[in-house]
Amino acid sequence: ALFGTGPFRWPALKKALEQSNWKDLGGQESWGRFNLRATDPARSNSGQLAMLLWLRSQGRDQAIDLWRRALYQPPRSTDILLREFIATGPNDGDVAFVYESIALSRMDEARQRQGSSYTILAPDPSYETVLEAAVLEGKANGRLADGASFIRFLRSDAQQQLLMDWGFRSHDGRLPANAQTIQVLPSPDQTERDRGLRLWTAAP
């Protein structure tokens with residue numbers, strides 16, 4: 001009802017946030033209000049990234065007011081958000097912003113709990129969150145050669161496939177099953193994050 005059969009579109013989400021009721025959006029009156037779910041940007045990385053993508057899509061700082069009003073008691077973590085989204089189904093949320101990996105890995109859980117799963121629509125472009133691997137040097141941490149071997153182990157085809165099975169993209173750009181091909185933006189720098197959080201804190 002919101003995006004049709006096409007991809008995620010920010011203008012459609014903006015219209016939903018402005019009009020609020022599904023009846024006004026072409027949906028059924030019994031669906032009630034449109035409910036957006038995202039985590040608290042002040043406590044959660046995924047919430048920050050979703051907020052920054054929204055601001056980027058709107059091109060103006062004042063857009064933060066609509067985002068802030070739409071999020072009622074946002075949870076502190078992505079895992080809590082998705083657990084609630086799956087458990088309560090459409091009664092408590094219509095669109096939820098979470099990491100691609102966690103959405104992919106828990107689709108079966110949603111299918112078992114609700115009888116059908118959710119649809120994944122990735123904003124394009126989206127920010128990238130990179131998982132880092134490092135081995136600390138030091139007397140209690142083994143030899144440097146052991147650390148290099150561990151990094152090679154993580155980057156091996158078998159381990160990268162295991163990560164993709166859990167919804168992560170591989171280090172060489174391969175996609176997990178059901179992932180969408182999108183433009184990937186580097187993670188926002190600290191200046192952009194701080195500016196977004198100042199806007200969030202100051203919003204009514």
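Aspartate 79 is partly exposed, at a relative accessible area of 34% (buried is under 20%, exposed over 50% and partly exposed in between, with a 1.4 Å probe and protein chains only). This is a predicted model, where local features need pLDDT of at least 70, side-chain atom pairs count only at pLDDT 80 or more, and totals for chains, interfaces and linings use all residues. Residues are numbered from 1 along each chain as its sequence is written, and side-chain values use heavy atoms, leaving out hydrogens and water.

On to the charged pairs. The structure holds ten salt bridges, meaning a side-chain nitrogen of Lys or Arg within 4 Å of a carboxyl oxygen of Asp or Glu. Here are some of them:

| Acid | Base | Closest N and O atoms |
|---|---|---|
| Aspartate 79 | Arginine 106 | 2.6 Å |
| Glutamate 84 | Arginine 37 | 3.0 Å |
| Aspartate 157 | Arginine 174 | 3.9 Å |

Glutamate 84 pairs with arginine 37, linking helix 4 (residues 78–88) to strand 1 (residues 36–37) across 47 residues. Helices (H or I, at least four residues) and strands (E, at least two) are DSSP runs, numbered from the N terminus. Arginine 37 is buried at 9% relative accessible area, while glutamate 84 is partly exposed at 34%.

Aspartate 79's partner, arginine 106, is buried at 12%. Both also belong to a salt-bridge network with Arg83 and Glu109.

As for aspartate 157, it's exposed at 58%, and its partner arginine 174 is partly exposed at 31%.
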